[in-house]
Structures are given as C-alpha cells and as structure tokens.
Amino acid sequence: MPYEKTIQVVQQALSEALVELEKWFEQSEESRCYHPQDGGWSIQAILEHVTLTNHYLLLIIRQGREKALRRAQRGESIHDGESDLDRLTPIGHPDAFPWIRPEHMEPTGASLEDVRTRLHAQYQECLSILAALGKGEGSLYQVRMSVQNLGKMDMYQWLYFLALHQKRHIAQIEQVFEEWYRAAS
C-alpha cells in the first residue's frame, strides 16, 4: 500500500510525543511553574504553547485532509511511494534554528487540566486524520510551510511537523526541568 511506512512513522512520532508530554503533567507544581533564568517559559507554559500550535496546525491539516479526500474521490491517482519526512528532521531540534512564534501561539495561562484535555483531543484528531488518509490520500494535497522555508508539504508531512514541533518542546521542557532541579538542590 502506498505511504504505509510514512503513516507508520507519523503515527509513532505522534504517539511518542504524547507519551513524553504526558509525563510532564505529573511533575510537581513547583517544577512546572519554574521560570528559567533566561526569562523563558515555564514547563506549564510550554505545554500550553504546544496545544496552541497544534490548534493552528490542525486548522490547516483539516482543510488539507478534506481537499485531499475530494481529489481522491475524483479519481486522482495516488502514486506509489512515501513522503520525504527526513527533510523535516531539524524541526525536532530546539537549537537547530531560531524560531519566532506568532503572538497567537503564546501561552495565556490556561489551566493544566484544560491543556491536558486539549492535548489528548488533538492527539485523537491527528490519529483520525491519519486513518482517513490511510491509503495515500494525504499525498494528493500540499500546502506551503514558511518555517525554515520548507515549501510545499503533503498532509503526512504536516502531521509529522506537528509531532516534531512537540519533540522540539519536549527537549526545551527537559532543559527547564534540569535548571529547576539544580536550583532546587
């Protein structure tokens, strides 16, 4: 089946990110609310930022899913192959490049439970979208991504981008936690 490996890699990346993020909801309030010396966000704020970014990425991904499925229904052919996910690798590394986030993706102080609930709902939606595009349909529609001049990406790449963005912030969370731990010791 076309894009089978792509779908497996994206699904695994989404699952691994959720498992890693979930751990941080269980940390002490003191560690989650600690603000690093460089003025960066607390762990709790980073978790909220992840869900805000997911929200906006999912707006594009939902529209792309619908357009891809319409193209498949019209009989556009799905070529054998896989998405080039490797070109997105730098997205998952926090120090790979500077990233200026839009103001609407900055944390607002939402409750931890609201953030957790949103994160789980977004994960389920990602899996649902992936299932709907389970026969390679996600390759039929591309949308331009401005971050790192990635250019046009298919829907599998957009979902992978979402997972890698989470991975990027997991590394950031770990750094904040390490700083808190050193300061608290």
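Biologist: What is a salt bridge, and how many does the structure hold?

Modeller: A salt bridge is a side-chain nitrogen of Lys or Arg within 4 Å of a carboxyl oxygen of Asp or Glu. The general idea is that side chains of opposite charge can pair when their charged atoms come close. This model is predicted, and the structure holds seven salt bridges.

Biologist: Which side chain meets that of arginine 116 in a salt bridge?

Modeller: The partner of arginine 116 is glutamate 22, with N and O 2.2 Å apart in their salt bridge. Because arginine 116 belongs to helix H4 (residues 112-132) and glutamate 22 to helix H1 (residues 4-25), the pair ties together parts that are 94 residues apart in sequence.

Biologist: Which residues are linked with Glu22 and Arg116 in a network of salt bridges?

Modeller: Glu26 and Glu113 are linked with Glu22 and Arg116 in that network.

Biologist: Is arginine 116 buried or exposed?

Modeller: Buried means under 20% relative accessible area, and arginine 116, with a relative accessible area of 16%, is buried.

Biologist: Where else could I practise this reading?

Modeller: Take arginine 65, which forms a salt bridge with glutamate 66, their closest N and O atoms being 2.7 Å apart. Arginine 65 counts as buried at 16% relative accessibility, whereas glutamate 66 counts as partly exposed at 34%. Then turn to arginine 74 and glutamate 76, whose side chains meet in a salt bridge at 3.4 Å, N to O. Here arginine 74, at 59% relative accessibility, counts as exposed, while glutamate 76, with a relative accessible area of 36%, is partly exposed.

Key
Residues are numbered from 1 along each chain as its sequence is written. This is a predicted model: local features need pLDDT of at least 70, side-chain atom pairs count only at pLDDT 80 or more; totals for chains, interfaces and linings use all residues. Side-chain values use heavy atoms; hydrogens and water are left out. Helices (H or I, at least four residues) and strands (E, at least two) are DSSP runs, numbered from the N terminus. Buried means under 20% relative accessible area, exposed over 50%, partly exposed in between (1.4 Å probe, protein chains only).
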